[in-house]
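User: I'm new to this one and would like to see how the labels follow from the values. Can we go through it together?

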Amino acid sequence: MIRTLLLSAFLMGSETFFSQNLKPVAYQDGSQKLNGLVTSNAGKKLPGVLILPAWKGIDDEAKTAATELEKQGYIAFVADIYGEGNIPADNDSAAKTSGYYKKNYEAYQKRILLALEELKKSGAISEKIAVIGYCFGGTGALESARGSLPVVGVVSIHGSIGKDQARKNGPISTKILVENPADDKSVTPEDYNNLIKEMNEGNADWQIITYAHSKHTFTDPKSPDYNPVMAKRAWNHTLMFLKEILK
């Protein structure tokens with residue numbers, strides 16, 4: 001118990017320090033300025049991981065993930081999906097803005113693709129790139145697979161896994177890991193079953209890991225849902241998956 005509390009305190013206290021190791025990267029979608037972050041090992045030829053943040057935009061959890069991935073030998077790039085001037089100030093605006101991209105999934109896929117290009121410019125080996133995403137970003141990770149974006153694998157971490165059933169299921173060549181909290185009320189049984197159906201019909205290489213006694217944002221130390229034991233397991237599963245597909 002004491003070790004768990006110390007780990008939680010360390011993660012929360014380290015976020016500011018970690019973020020100092022990240023370099024800002026400005027890029028464009030037409031006239032819209034986007035502001036991403038890249039790890040300090042940019043410029044080297046290394047496997048790359050694109051991080052898609054949760055529904056309020058780039059946050060400490062995404063920044064911490066980036067710096068931890070750098071320690072594992074990856075160039076990590078944190079994507080800006082919304083763009084300068086469009087960062088949600090509260091939950092209502094976050095729901096509205098993220099909802100737009102969930103509905104207009106091609107616009108979401110385009111913003112992800114632009115971030116992937118920036119990751120490649122930062123030195124990431126184009127044949128060794130993966131995407132991980134939290135919450136809204138977990139939806140983006142799945143959209144990367146659905147859109148056949150040029151990545152080897154994706155990790156959806158407590159993401160919204162459902163999609164409009166009017167969209168046809170297609171082939172999926174991207175390897176998929178879904179990290180699903182057992183008590184996530186935003187994921188319905190129908191969403192869960194439809195995702196499995198979609199991945200099977202796409203002949204995907206997929207796996208779902210469900211974490212007991214875990215609510216939606218179970219990996220975020222700042223969330224009341226935080227479950228440090230399961231968060232640590234989820235992160236270890238992420239690292240194992242990335243090592244398998246990128247190293």
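User: How do you know that E2 and E4 are paired, and in which sense do they run?

Analyst: First, keep in mind that this is a predicted model. Two strands pair if there are at least two bridges between them. E2 and E4 are joined by two bridges, so they meet that cut-off. The two strands run antiparallel. Leu-37 stands opposite Val-78 in E4.

User: What makes E1 and E2 a hairpin?

Analyst: E1 and E2 pair in the antiparallel sense over eight bridges, and two residues sit between the strands. Gly-30, in the turn, has a positive phi of about 65°. Across the pair, Ala-26 stands opposite Asn-35 in E2, and Tyr-27 has Leu-34 of E2 as its bridge partner.

User: Where do these strands fit in the sheet, and why are E1 and E8 called edges?

Analyst: The open sheet has eight strands in the order E1-E2-E4-E3-E5-E6-E7-E8, with mixed pairing. E1 (22-29) and E8 (206-211) each have a single partner strand, so one side of each has no neighbour in the sheet. From one strand to the next, the twist averages 20°.

User: Why is E2 described as largely enclosed?

Analyst: Buried means under 20% relative accessible area. Six of the eight residues of E2 are buried, so the rest of the structure largely encloses this strand.

User: Which helices lie on the sheet, and what do they touch?

Analyst: Two to look at are H4 and H5. H4 (residues 105-121) lies across E1, E2, E3, E4 and E5, and runs at about 130° to E1. H5 packs on the sheet too, touching E3, E5, E6 and E7, and its direction makes about 155° with that of E6.

User: What makes H5 an enclosed helix?

Analyst: The count settles it: 11 of the 11 residues of H5 (residues 136-146) are buried, so the helix is largely enclosed by the rest of the structure. Among those buried are Phe-136, Glu-143 and Arg-146. Just after H5, Ser-148 takes a positive phi of about 55°.

User: And Asp-183: why is it called partly exposed?

Analyst: Partly exposed covers the range between buried, under 20%, and exposed, over 50%. Asp-183 has 38% relative accessibility, so it falls in that middle class. Asp-183 lies in the loop between E7 (175-181) and H6 (189-201).

User: What does Asp-183 contact beyond its neighbours in sequence?

Analyst: Leaving aside neighbours within four places, Asp-183 is in contact with His-213, Ser-214 and Lys-215. Contact here means heavy atoms within 4.5 Å. Asp-183 and Phe-218 are 35 residues apart in sequence, and their C-alpha atoms are 9.7 Å apart in space.

User: How many cavities are there, and what makes something a cavity and not a pocket?

Analyst: Two cavities of 30 Å³ or more are counted. In a cavity a 1.4 Å probe fits but cannot get out, whereas a pocket is open. The largest cavity holds about 70 Å³ of space, and the second largest has a volume of about 30 Å³.

User: Which residues line those two cavities?

Analyst: Around the largest cavity, the lining includes Arg-146, Ile-161, Lys-163 and Glu-190. H6 gives the most to that lining, with six residues. By class, the lining has two nonpolar, four polar and six charged residues. The second largest cavity has a lining that includes Pro-53, Ala-54, Tyr-82 and Phe-136, and its classes are seven nonpolar, one polar and one charged.

User: What about the largest pocket: what is its volume, and what lines it?

Analyst: The largest pocket has a volume of about 510 Å³. There are 22 residues in its lining, and the closest to the centre are Ala-54, Trp-55, Asp-59, Thr-217 and Asp-220. H2 (60-71) and H3 (91-103) each supply at least two residues of the lining. The largest share, three residues, comes from H3.

User: How do the residues of the largest pocket's lining divide by class?

Analyst: The lining of the largest pocket has five nonpolar, nine polar and eight charged residues. In this scheme Asp, Glu, Lys and Arg count as charged, so Asp-59 and Asp-220 belong to that class.

Key. Residues numbered from 1 in each chain as written. Predicted model: local features only at pLDDT ≥ 70, side-chain atom pairs only at ≥ 80, totals over all residues. Heavy atoms only, no water. 1 Å grid on protein atoms, 1.4 Å probe; cavity = no way out; pocket = protein on both sides within 12 Å on 5 of 7 lines; lining within 4 Å. Points joined across faces, edges and corners; volume = space filled by probe spheres on them. Helix = DSSP H or I, 4+ residues; strand = E, 2+ residues; numbered from the N terminus. Buried < 20%, exposed > 50% of the residue type's maximum accessible area, 1.4 Å probe, protein only. Axes fitted to C-alpha atoms, helices over the stretch in contact; angles between N-to-C directions.
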